[in-house]
Amino acid sequence: MSSMLTHAVRNLPASSAWAARVFARSLGCSSQLQAAAVQPKSKKTLTKSGVKNIVVVEGVRIPFLQSGTTYADLMPHDLARAALQGLLNRTSVPRDVVDYIVYGTVIQEVKTSNVAREAALGAGFSDKTPAHTVTMACISSNQAMTTGVGMIAAGQCDVVVAGGVELMSDVPIRHSRKMRKTMLTLNRAKTLGQKLSLISKIRPDYFAPELPAVAEFSTSETMGHSADRLAAAFAVSRLEQDEYALRSHTLAKKAQDGGLLLDVVPFKVPGKETVTKDNGIRPSSMEQMGKLKAAFVKPYGTVTAANSSFLTDGASAILLMSEEKALAMGYKPKAYLRDFVYVSQDPKDQLLLGPTYATPKVLEKAGLTMADIDVFEFHEAFA
């Protein structure tokens, strides 16, 4: 998992959210800091010698929908293309100015394994604009963004578009390995006799499909099971989880109704309506949530469909530039990207604790403490 540190400028909306989740602090000088005679951190003190300032110009996303709903008939590159077009429309950045495009995804569509490239072409970018796709489980879009940060910091690029995309409505389902092996061998068979011989070896169990799972390959354990075990280990009750989930949905609904989700751009789905807002924000009640049964560790688990994340379809895009380039083009940066850290933990007992280990490391790297931060934002679907 990764933690990223940003220096937010004064006019940054509190609701801005980008593909890769960042935790931010407005580092202006406050009266409290002055009273305490503490030297405030500033853009100048957080810069790195010999490294360009890297800024966020703009970030957008199409509405995030529950899988199996309005986006169900599309493909991942359709969603990513819509996010790229939304970013272009909002910023008016010329396509030929973009040096590189990077996207993150977890479950890849085999027909468009480099979804960044296909989405870029669909959005009208030049076929001369390089693009590649990364995967790093839930943190894939962060990896895409920090890849762009590294390119700019290294002087390879001045303008990078990064983002993330997922289409859980249509995940790849494969034949069993025995069937795949037979089919590939059959494709190489030259005579009718060879083909009939291979076909005669096919057994009923060959037709059993292999379904993808939101699980760790090394442990075969889903994140929901990991969440249940961690909740028990840290004595987090079902009541506490339900209360927190209800609070999250209630605040999200308030932000949505108040027009505060400024990063969302509408998406006209071909043959269907224009989608303008997320459909997974579902404030309920403690009474209704309390009726749900455990979703993973049955019957005693505390993780349910109401206090964990749903399977999502969506895409996002963010425009990153060197500060020099952004100012030269007349853009006002929304944030300065300062530092990032990735950590790896035991995939069984510490699968969901990445942010816990990454946070002190990135703070130490940036020369900050917990007391220096006003706002934290973490993403971990089942934490």
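Is Cys157 buried or exposed? Select Cys157 in this predicted model and you will find that the residue is buried, with a relative accessible area of 8%. Move next to Cys138, which counts as partly exposed because its relative accessibility is 26%, a value that falls between the limits of 20% for buried and 50% for exposed. While cysteines are on the screen, it is worth adding that the structure holds 0 disulfides.

**The whole chain**

Zoom out to the full protein and colour it by confidence, for which the mean pLDDT is 88, with 88% of the residues reaching 70 or more. Select residues 6–40 for the contrasting stretch, where pLDDT stays under 50; the model has 75 contacts for these residues beyond four places in sequence, and they should be read with that low confidence in mind. In a cartoon view, the secondary structure comes to 12 helices and 11 strands. Of the 383 residues in the protein, 45% count as buried, and among the contacts with a separation of 6 or more, 79% are made by residues 24 or more positions apart.

**The nonpolar cores**

Now show the side chains of Tyr71, Leu79, Tyr103 and Met321, which touch the most other members of the largest nonpolar core, a set of 41 residues. To see where this core comes from, colour the strands β3 (54–61), β5 (100–104), β7 (159–167) and β10 (312–322) together with the helices α3 (76–91) and α4 (115–122), each of which supplies at least two of the core residues. Helix α3 deserves a selection of its own, since the largest share of this core, 7 residues, comes from it. Then select Ile54, Ile152, Ala335 and Leu337, which are included in a second, separate core of 17 residues.

**Aromatic pairs**

A search of the whole structure finds 3 aromatic pairs, and two of them are visited here. For one, display Tyr71 and Phe267, whose ring centres are 5.6 Å apart and whose planes stand at 50 degrees, so the pair is tilted. Tyr71 lies in the loop between β4 (65–66) and α3, whereas Phe267 lies in strand β8 (residues 267–268), so the pair ties together parts that are 196 residues apart in sequence. Both partners are out of the solvent by the accessibility criterion: Tyr71 counts as buried at 0% relative accessibility, and Phe267 is buried with a relative accessible area of 8%.

For the other, go to Phe340 and Tyr342, where the ring centres are 5.9 Å apart and the planes meet at 70 degrees, so the pair is edge-to-face. Here the residues count as partly exposed, Phe340 at 25% relative accessibility and Tyr342 at 23%. Tyr342 lies in strand β11 (residues 335–342), and a distance drawn from its C-alpha atom to that of Tyr357, 15 residues apart along the chain, comes to 9.2 Å.

**Charges over rings**

Keep Phe340 in view and add Lys365, because the charged end of Lys365 sits over the ring of Phe340, 5.6 Å from its centre. A similar arrangement can be inspected at Arg61, where the charged end sits over the ring of Phe64, 4.6 Å from the ring centre.

**Two loop residues**

What is Lys277 in contact with, leaving aside its neighbours within four places in sequence? Select Lys277 in the loop between β9 (274–275) and α10 (286–290), and the contacts that appear are with Pro63, Leu65 and Gln256. Lys277 counts as partly exposed at 46% relative accessibility, and its C-alpha atom is separated by 8.4 Å from that of Val265, which is 12 residues apart along the chain.

End the tour at Thr105, which is found in the loop between β5 and α4 and is buried, with a relative accessible area of 5%. Show the residues around Thr105 and, not counting those up to four places away in sequence, you will see that Thr105 touches Thr133, Val134, Thr135, Ser140, Val165 and Glu166.

Technical notes
Residues numbered from 1 in each chain as written. Predicted model: local features only at pLDDT ≥ 70, side-chain atom pairs only at ≥ 80, totals over all residues. Heavy atoms only, no water. Disulfide = S-S within 2.5 Å. Buried < 20%, exposed > 50% of the residue type's maximum accessible area, 1.4 Å probe, protein only. pLDDT = per-residue confidence, 0-100. Contact = heavy atoms within 4.5 Å. Core = buried A, V, L, I, M, F, W, Y, C linked by side-chain atoms within 4.5 Å. Helix = DSSP H or I, 4+ residues; strand = E, 2+ residues; numbered from the N terminus. Phe/Tyr/Trp six-rings, centres within 6.5 Å; stacked < 30°, edge-to-face > 60°. Lys NZ or Arg CZ within 6 Å of the ring centre and 35° of its normal.
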